[in-house]
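Me: Please take a close look at the charged contacts in this model, starting from the metal site. Go residue by residue, and give the cut-offs behind each term.

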Amino acid sequence: MPTPLLVIAALLGSALLTPPAGPPALVTADSLIGPGVSHELARLRAATLSDISYDLRLDVTARDSAVGHVRIAFTRTGSHDLVVDFRGRSLGTVRLNGRDLSANEFQYNGAHLLLPARALRDGRNELAMPFVAAIAPAGASVIRYHDTTDDSDYLYTLLVPADANQLFPSFDQPDLKARVTLSLTTPANWTALANGALASDDVSERGRTFRFAETRPLSTYLVAFAAGPWATVTDTVAGRPITMYVRQSRAAEAEADSLISLNGRALEWMESYFGIDYPFGKYDFLLAPAFPFGGMEHPGAVFYNEDRFIFRERATRPQRIGRAATIYHEVAHQWFGDLVTMEWFDDLWLKEGFATYMAAKAQDAMEPSADAWKTFYLRNKPVAYGVDASAGTTPVWQELSNLDQAKSNYGPIVYNKAPSVLKQLDYLVGPEQFRAGVQRFLREHSYGNATWRDLLHAIADGGGLDEWGSQFILRPGMPVVEQRLTLDGDRIGRLTLVQRPARDLSGAGPWPMRVELLLAYADGNDRRLPVEMRGDTTDVVAAAGLPAPEYVFANAGDYGYALVMLDDRSTGWLEEHVGEVKDDFLRAMLWGALWDGVREARTDPARFITAVQRALPAEQDEQIAGALIGRYVRAATAYLPDSQSTARRPAVEALLWSGAIDTFRSYDVRKAHLDAYIDVAASPSARARLVAALDADSVAALPLRAPTRWAIVTRLLEIGAPDAERILAAESQRDTTSDGRRRAFVAGAAPLDSAVKAAYFARYLADSTLNEDWATSSLGAFNSREQQALTLPYLEPALDALPWIQENRRIFFLGSWLGGFLGGQTSEAALSTVERWLAAHPELGADLRSKVLQASDELERTVRIRAAAERRRP
Ligand SMILES: [Zn+2]
C-alpha cells in the first residue's frame with residue numbers, strides 16, 4: 001500500500017507565505033524561503049547544522065509518482081528558524097522529535113518548509129514526513145525512459161545541481177554532507193542500484209524492496225538511484241568487483257569487459273596518484289538511456305550516457321578515446337568533487353577542471369598510444385578560447401547568489417578553460433609540487449568541502465600563487481600573445497612576445513605564464529626555449545643571434561593559455577608546409593594557430609582553404625583530419641562571401657568525396673570525410689550519390705550503419721531532394737528501434753517547409769512528453785545553414801524563450817538551444833536581431849546575457865570575416 005498522505009499542495013496560498021513568528025537573527029524570512037536556495041540561507045545552515053543523515057524510503061511502483069518518507073536527523077546550534085527545501089509534488093504530516101505538527105506550527109510555500117526556532121531543540125533533532133515526488137520523461141528529478149523494443153520502463157535520478165529537493169525534503173546545498181540510507185520499493189521483476197552497497201532485497205505483495213547500506217557523507221546533489229529491469233554484468237578488476245547496469249535491449253552490444261576494465265584500471269591509477277584509497281566502498285556504473293550529460297559522478301554509482309558508450313556503428317578512434325576520457329573524468333571525480341566537494345557552486349570549476357585534467361594525466365600514463373595531450377588540446381583549447389575570447393565570457397570562479405542559477409555556471413569556462421589553466425599551473429610549479437599539493441588538499445578536506453583558495457594554498461605550500469589566482473581564476477577573459485620577429489640578415493635580430501587581453505573586460509596587467517617557445521629549423525635541429533612572461537612585452541633574449549628559423553611557435557607543449565598570433569614569416573611558411581610537420585601534437589596546435597588567425601579576421605579564409613586542400617589528402621591522423629575538415633567546411637560555407645562560397649562548392653564536395661572513397665586511407669579518416677560530405681552535399685550529383693549510397697547500403701565498400709543512413713536522409717530533406725519524403729518513410733520502416741524513432745524525429749525537423757518549422761518550434765516549448773535529448777538532437781536539422789532565411793524569424797522567439805528554458809530544462813539544454821538557433825545563421829540581419837534583442841531586454845539576468853554573447857560571438861566573427869573577405873576581392 002502506498003503511504004497515506006495529507007496532500008496540502010492545494011492549501012498553498014498566500015496565507016502560508018506570511019513571515020515566521022519569531023524573527024530570525026540574521027536574515028529576513030523572504031530571503032530564506034524565497035525561490036531556490038540562496039547563498040544566505042546556505043551560509044546560515046552551514047554555520048548551524050551538522051551531523052546530518054537521511055533515512056529515505058521510496059516506492060516507485062506507480063508510473064508517474066514516487067511515494068516517499070524521509071527521516072532527517074541533525075544537530076543544530078544557535079537560535080534560528082529551520083528551513084528545509086522541498087519542491088516535490090506534495091507533502092504529508094510533518095513530525096518533529098516524535099510529535100506531529102499541526103498546520104499552524106510551520107509554514108510550507110511549495111519550495112521550503114520553515115519551522116520556528118521555538119519548536120526545535122538545541123542539539124539533536126529528528127524531522128520526519130511523507131511526501132510525493134514526480135516521475136516523468138522530462139522535467140522531474142526521477143526520469144522515466146520507456147524502451148519501445150521490449151515495452152519496459154527504466155528509471156534513474158539526476159539531481160545535480162539543485163534538484164535533490166525536488167525528490168525529497170532535504171538541506172539541498174553541497175556543504176551539508178549527509179549519510180544516506182535508502183530503501184527502494186519497485187515492481188517485483190526490477191533491479192536497482194544506488195550509492196550504497198545492497199544490504200537486503202525482499203519480495204512482498206507490494207513489490208521488491210531493496211535496502212542499501214548507509215553511505216559515507218555525501219552532498220545532496222550526488223545522491224542517486226536507478227531502477228528497472230536492467231541487465232547486469234559483474235567482473236573483478238584488481239580485486240574489486242564492479243557491476244555494469246544496462247538496458248536489456250542493449251546489453252548484447254555493450255562492451256562490458258572493456259568498460260568495466262577501464263573503470264577498474266582508472267580507479268587503481270587514481271588511488272596511486274592521489275595516495276588515497278577509493279573512498280566510497282563499492283563502485284558500480286549504469287549506462288543511462290537518453291541521459292542529458294556525458295556522465296555523472298555519483299559516488300559508487302556512476303551514470304554514463306548510453307548513447308555515447310554503445311556505438312551504433314563502427315567506432316572511430318576519436319570516439320573510443322573520448323569514451324575512455326569520460327570514464328577517467330568520472331572516476332577522478334570520486335576524489336575531486338565527491339570526497340572533497342566545493343563549498344558552493346561558484347567553485348564548480350574546481351571539480352570539473354580537475355576531473356578533465358586528471359583524466360588526461362591518467363590517459364597519458366595508462367595509454368601512451370592515445371597521445372593524450374594532443375587529444376586534450378583538441379578537445380579543450382579551441383572550445384575554451386572560443387568562449388573566453390567572446391564578450392560574454394566569465395571568470396573561472398563565478399559568483400552565485402542562488403542555487404537556482406547554478407545551471408548558468410556550466411559551460412566551456414569550467415569544462416575547458418579550467419583544466420587548461422590547471423595544465424599551466426602544473427607546468428608553472430612543476431609536477432612534484434603539484435601532486436604533493438593535490439594530495440595535501442584531498443587529505444585535509446576528506447569527506448568535507450573546500451574552496452579554490454584552499455587548493456592554491458595547498459599547491460603553493462603557503463603562498464606565492466596569489467597573482468596567478470587573481471588573473472586566471474578571478475579575472476574574465478584571456479590573453480592574446482603576438483609573436484614579433486625581426487631578422488638581421490639570416491639571423492634573428494629580435495624576438496618578442498607581446499601580451500594583451502583578447503577583449504577589454506575587467507582586470508589589468510599581464511597573465512603570469514610559463515611557456516615553451518619553439519624555433520623550428522629545416523635540418524630538424526629545433527630549439528625549445530622556456531619563457532616566463534611577467535610583463536606585457538617579453539624579450540626572448542636567448543633567441544637573438546640564432547639562425548632565422550622556418551617558423552616560431554610560442555606555445556609548444558600547449559602549457560600556455562593564450563591565443564597565439566603567429567608572425568607573418570611563420571604564417572607564410574606554415575600555410576605551405578604545416579602538413580610536413582611530423583609531430584602530430586605540434587601539427588594539431590599549428591593548425592589551431594593558423595585557424596585563430598582566420599577567426600581574428602587577420603588571414604583571408606581563402607588562404608586557409610587552400611592550405612587545407614594541399615595538406616588534407618596526406619593527413620593520416622584521424623583527430624587532426626576531423627578538426628581540419630570541420631574548419632575547412634566552416635570557412636568554405638560560412639566565412640566566404642556567398643558568391644565565392646557558391647563558386648567553391650564543387651571543389652569542396654569533390655575534396656570530401658575523394659577522401660570518403662579513398663580505400664587506402666583509414667576507416668576513421670574516411671568516415672570523417674563522409675560525414676562532412678553528407679553535411680555539405682547540395683549539387684545534383686551529390687544528391688544522386690547520397691541516394692545511391694542509401695540504395696547500395698555502402699560507400700566504396702564502407703558499409704553504412706543506421707546513424708549515417710539517417711544523416712543522409714536528414715540532409716536529403718534539408719536540401720529538398722525530390723524523393724526525400726518517400727525516403728524518410730522507408731527509413732522509418734527499416735529502423736524501428738528507439739534510436740531510429742529519435743532520428744526520424746530529427747529528420748522530421750529538416751524539410752524546407754514553414755509549417756514543419758512552426759510545428760517543431762511549438763513542440764520545443766509546449767510538449768511535456770518530448771524528451772530533451774530528442775529536442776536537442778533536432779536543433780541542427782531545424783536550423784540548417786541553407787534555410788536561414790526561413791528560420792531567421794524564429795531567432796527572436798528563441799531568445800524570448802531563454803528565461804523559461806533556464807527554469808524548466810536541464811543544465812546543457814540552454815547552450816544547445818542557443819548554439820542551434822545562432823549556429824544556423826551567418827547574416828548581418830541575424831546579428832542585428834541579436835543586438836536589438838539584447839538592447840530591448842535590460843532586465844535580462846547577467847548570466848543569460850553572458851550566454852547569448854558567448855553563443856553569438858561566432859556569428860559576429862562570421863559577419864566580420866565575410867565583410868573583410870568581401871573588401872579583399874579584386
Ligand atoms: Zn564532471
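How many salt bridges does a search of the whole structure find?

Reply: The search finds 63 salt bridges in the whole structure; the term means a side-chain nitrogen of Lys or Arg within 4 Å of a carboxyl oxygen of Asp or Glu. The model is predicted, so local features need pLDDT of at least 70 and side-chain atom pairs count only at pLDDT 80 or more, while totals for chains, interfaces and linings use all residues. Residues are numbered from 1 along each chain as its sequence is written, and side-chain values use heavy atoms, with hydrogens and water left out.

The metal site comes before the pairs. NE2 of His-329, NE2 of His-333 and OE of Glu-352 coordinate the zinc ion at 2.0 to 2.1 Å. Donors here are N, O and S atoms within 2.8 Å of the metal (3.2 Å for Na, K and Ca); since water is not among the atoms, sites may look incomplete. Along the sequence, the donor residues follow the spacing H-x3-H-x18-E. His-329 and His-333 both belong to helix H6 (residues 317-333), and because they are 4 residues apart, about one helical turn separates them. Helices (H or I, at least four residues) and strands (E, at least two) are DSSP runs numbered from the N terminus.

Are these histidines buried or exposed? His-329 has a relative accessibility of 10%, so it counts as buried. His-333, at 0%, counts as buried too. Buried means under 20% relative accessible area, exposed over 50%, and partly exposed in between (1.4 Å probe, protein chains only).

Glu-352 has a second role, since this zinc donor also forms a salt bridge with Lys-351, with 2.6 Å between the closest N and O atoms. Both Glu-352 and Lys-351 are buried.

Helix H6 also takes part in a salt bridge through Arg-323. The side chain of Arg-323 meets that of Glu-255 at 3.0 Å, N to O. Glu-255 sits in the loop between strand E18 (240-246) and helix H4 (256-274), so the bridge ties together parts that are 68 residues apart in sequence. The two ends differ in cover: Arg-323 is buried at a relative accessible area of 4%, whereas Glu-255 counts as partly exposed at 27% relative accessibility.

A further pair is formed by Arg-634 and Glu-858, whose side chains meet in a salt bridge at 3.0 Å, N to O. It links distant parts of the chain, with Arg-634 in helix H16 (residues 622-639), Glu-858 in helix H30 (residues 846-872) and the two positions 224 residues apart. Arg-634 counts as buried, at 19% relative accessibility, and Glu-858 as partly exposed, at 23%. Elsewhere, Arg-503, Glu-600, Asp-857, Glu-860, Arg-861 and Arg-864 are joined into one network by salt bridges that share partners.

Charged residues also appear in the lining of a pocket. The second largest pocket has a volume of about 860 Å³, and Arg-87, Gln-166, Lys-407, Glu-807 and Asn-808 are the closest to its centre among the 38 residues that line it. Two or more lining residues come from each of helix H3 (164-167), helix H23 (754-766) and helix H27 (802-808); H27 gives the most, with 5 residues. By class, the lining has 18 nonpolar, 10 polar and 10 charged residues. Asp, Glu, Lys and Arg count as charged; Ala, Val, Leu, Ile, Met, Phe, Trp, Tyr, Cys and Pro as nonpolar; and the others, Gly among them, as polar. On a 1 Å grid over the protein atoms alone, a pocket is an open set of points where a 1.4 Å probe fits, with protein on both sides within 12 Å along at least five of seven lines, and lining residues have an atom within 4 Å of a point. Points are joined across faces, edges and corners, and the volume is the space filled by probe spheres set on them.

Two backbone details remain. The peptide bond from Val-160 to Pro-161 is cis, with omega near -5°, and Pro-161 lies in the loop between strand E11 (152-157) and H3. Asp-371, which is not a glycine, has a positive phi of about 50°; this residue is in the loop between helix H7 (348-366) and helix H8 (372-388), and counts as partly exposed at 26% relative accessibility.
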